[in-house]
Amino acid sequence: ANPACDIGEGLRVDLLAFSTYTQIDTYRVRFQPGTGTYPITFSWDNIFIGSVCDSMVLKDEFGGSNVYSRMDVGNSASVTNSSITSILMIRYGAFPLINDVRPPPPRTPGGYMLAQNYPNPFNPTTRVTFSTEHTSLITVTVYDVLGREITVLADDEYYRGVYSVSWNATNAHGSPMPSGVYYVRMTAVPQSAGEGRGGSYSEIRKMLLLK
């Protein structure tokens, strides 16, 4: 993508599949202009795309009326409408899948889950994995042993799925943190009354930074 924009992490969303194709993955890519301006240009290797799936589509969330590109055919697309700050990447596979050897997609654990960070102990980077069974507002925050907030790793609405974020042992201002014990906390609030199953969720994991 254009280096003058910041790309957010992908979010799995459910959309209707084609009648003759099955939708393998769908990701929402969020972005915002940095030092540059619109148009924002995305580019990719369409030969690689064709090697990992039958077809892939890049389009805006208005039904592809502003941006639409077959990623397995073309190799670039431009966003010219400044009101667009996210696009969808949709991966398709042939149906039925004859002699398919692709592994089944990982199951999403029921409810919510905050896994232990890995590696742990770590230096200087560790990864935190979390999941949600429902569309939820999720915040993942790092604290020190005194309960002071160090940095926020995630703070957004997440769809059903498994996600991961990394922490490079710096605070919110980018300054490196000293060795010691830290805590990562996940809080989740369901965004639909029918998906609560017990209401909000909170869990904490202990992390050890060794330099």
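Start by selecting M113 and S131: S131, in β10, is the bridge partner of M113. The model you have open is predicted.

Now widen the selection to the two strands. β10 covers residues 126–132. β9 covers 112–114. Three bridges join β9 to β10, and the two strands run antiparallel.

Next, add β13, residues 161–167. You now have an open sheet of three strands. Read across it in the order β9-β10-β13. The pairing is antiparallel. Which strands are at the edges? They are β9 and β13, and each of them pairs on one side only. Look at the twist as well: neighbouring strands of this sheet are turned by 15° against each other on average, direction ignored. Strands of a sheet pair through backbone hydrogen bonds, so switch on the backbone when you inspect them.

Leave the sheet and turn to the aromatic rings. The structure holds six aromatic pairs. Select Y158 and Y163 for one of them. Why is this pair edge-to-face? The ring planes stand at 65°, and planes over 60 degrees apart count as edge-to-face. The ring centres of Y158 and Y163 are 4.9 Å apart.

Are these two tyrosines buried or exposed? Y158 counts as buried because its relative accessibility is 9%, under the 20% cut-off. Y163 is buried too, with a relative accessible area of 6%.

Last stop: select F122, W167 and Y182. Ring pairs link these three residues into a cluster. While there, note that β13 runs over 161–167.

Technical notes:
Residues are numbered from 1 along each chain as its sequence is written. This is a predicted model: local features need pLDDT of at least 70, side-chain atom pairs count only at pLDDT 80 or more; totals for chains, interfaces and linings use all residues. Side-chain values use heavy atoms; hydrogens and water are left out. Rings of Phe, Tyr and Trp (its six-membered ring) pair if their centres lie within 6.5 Å; planes under 30 degrees apart count as stacked, over 60 as edge-to-face and the rest as tilted. Buried means under 20% relative accessible area, exposed over 50%, partly exposed in between (1.4 Å probe, protein chains only). Two strands pair if DSSP finds at least two bridges between them. Helices (H or I, at least four residues) and strands (E, at least two) are DSSP runs, numbered from the N terminus. Axes are lines fitted to C-alpha atoms, for helices over the stretch in contact, and angles run from 0 to 180 degrees between N-to-C directions.
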